[in-house]
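Visitor: I should like to understand the terms used for this structure. Please explain the reasoning behind each label.

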Amino acid sequence: MSEPPSRGAERDLFRDTWVRYLGYANEVGEAFRSLVPAAVVWLSYGVSSSYVLADAIDKGKKARDVPGPEAGRSSRVTVAVVDTFVWQALASVAIPGFTINRVCAASLYILSTATRWPLAVRKWTTTTLGLLTIPVIIHPIDRSRDTHSFVLAWRIPGTAEPGGLPSMGSHRVGHD
């Protein structure tokens, strides 16, 4: 869990509140894939993708409001939006969704070949394993994407050099 913001620090709606859990919707949808219609899984991706888009827009607005020269404002906003969107799309939607999908598919396959459990038991076991995988994959994904997200921010033409512009996107659903 993220630490609460320090006194005087602005509270980030997408990082410091319950809203951050919307980024987990597709992971939960993937865990339940064997039990629910495909439309429910796609809806969970819609929720997570909306979270990603809203966070990117929010970070762009915050970058726009940072005092500084007017000449660099457009680049600053673009970098904030792109960096946050790419980071969140990978770390909140694509990588965890794929991981949970593969864990569930493999477990359902293994259970169907290695046990004689009824189908409903195998599906609920797969769903449980998928849900239990979610907290296990969060930190490794965050750590592996931190560096790449920062590199994206300063390689966009017209933006600051390395170390000159902090990444706006390396804050997946409340994790540092």
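Guide: Let us begin with a term: a residue is buried under 20% relative accessible area, exposed over 50%, and partly exposed in between. Please keep in mind that this is a predicted model.

Visitor: Why is F32 called partly exposed?

Guide: The relative accessibility of F32 is 26%. Partly exposed covers the range between 20% and 50%, so F32 with its 26% counts as partly exposed.

Visitor: What makes F32 and W124 an edge-to-face aromatic pair?

Guide: The ring centres of F32 and W124 are 6.2 Å apart, and the planes stand at 90°. Centres must lie within 6.5 Å for a pair, and planes over 60 degrees apart count as edge-to-face. Both conditions are met, so the pair of F32 and W124 is edge-to-face. F32 belongs to the loop between α1 and α2, whereas W124 belongs to helix α4 (residues 119-155), so the pair ties together parts 92 residues apart in sequence.

Visitor: How many aromatic pairs does the structure hold, and why is the pair of F14 and Y51 called edge-to-face?

Guide: There are four aromatic pairs. In the pair of F14 and Y51, the centres are 5.9 Å apart and the planes meet at 65°. Since the limits are within 6.5 Å for the centres and over 60 degrees for the planes, the pair is edge-to-face because both values satisfy them. F14 lies in the segment before α1 (25-31) and Y51 in helix α2, 37 residues apart, and the pair thus links distant parts of the chain. Both F14 and Y51 are buried.

Visitor: Which elements make up the chain as a whole?

Guide: The chain has four helices and zero strands, in the order α-α-α-α from the N terminus on. Of its 176 residues, 40% are buried.

Visitor: Why is N26 called buried?

Guide: N26, a residue of helix α1, has a relative accessible area of 0%. Buried requires a value under 20%, so N26 is buried. Beyond its neighbours within four places in sequence, N26 is in contact with S44, Y45, S48, S92, V93 and G97.

Visitor: How do you know that D142 is buried and V66 is partly exposed?

Guide: D142 is in helix α4, and its relative accessible area is 1%. That value is under 20%, so D142 is buried. V66 sits in the loop between α2 and α3 and has a relative accessible area of 38%. Because 38% falls between 20% and 50%, V66 is partly exposed. Not counting residues up to four places away in sequence, V66 touches R73 and R76.

Visitor: What makes D12 and K62 a salt bridge?

Guide: The closest N and O atoms of D12 and K62 are 3.8 Å apart. A salt bridge requires a side-chain nitrogen of Lys or Arg within 4 Å of a carboxyl oxygen of Asp or Glu, so D12 and K62 qualify at 3.8 Å. D12 is in the segment before α1 and K62 in helix α2, 50 residues apart. D12 is buried because its relative accessible area is 10%, whereas K62, at 22%, counts as partly exposed.

Visitor: Which residues form salt bridges with K59?

Guide: K59 meets D55 at 2.3 Å, N to O, and D58 at 3.4 Å, N to O. Both distances are within 4 Å, so both are salt bridges. K59 is buried, with a relative accessible area of 4%, and D58 counts as buried at 19% because the limit is under 20%. Shared partners join D12, D55, D58, K59 and K62 into one network. The structure holds seven salt bridges.

Visitor: What makes up the largest nonpolar core?

Guide: The largest nonpolar core has ten residues: Y24, A31, W87, A91, I100, C104, I134, I137, I138 and I141. The elements that give two or more residues to this core are α3 (73-114) and α4. A second, separate core has seven residues, among them V19, V41, Y45 and V52.

Visitor: Which residues make the nonpolar surface patch, and why does V47 count as partly exposed?

Guide: W18, Y21, L22, L43 and V47 make a patch of about 510 Å². V47 lies in helix α2 (residues 38-64). Its relative accessibility is 31%, between 20% and 50%, so V47 counts as partly exposed.

Terms used: Residues numbered from 1 in each chain as written. Predicted model: local features only at pLDDT ≥ 70, side-chain atom pairs only at ≥ 80, totals over all residues. Heavy atoms only, no water. Patch = residues over 30% accessible without salt bridge, like charges linked within 9 Å, V, L, I, M, F, W, Y side chains within 5 Å. Areas by Shrake-Rupley, 256 points an atom, 1.4 Å probe, with all protein chains shown as cover. Buried < 20%, exposed > 50% of the residue type's maximum accessible area, 1.4 Å probe, protein only. Phe/Tyr/Trp six-rings, centres within 6.5 Å; stacked < 30°, edge-to-face > 60°. Core = buried A, V, L, I, M, F, W, Y, C linked by side-chain atoms within 4.5 Å. Contact = heavy atoms within 4.5 Å.
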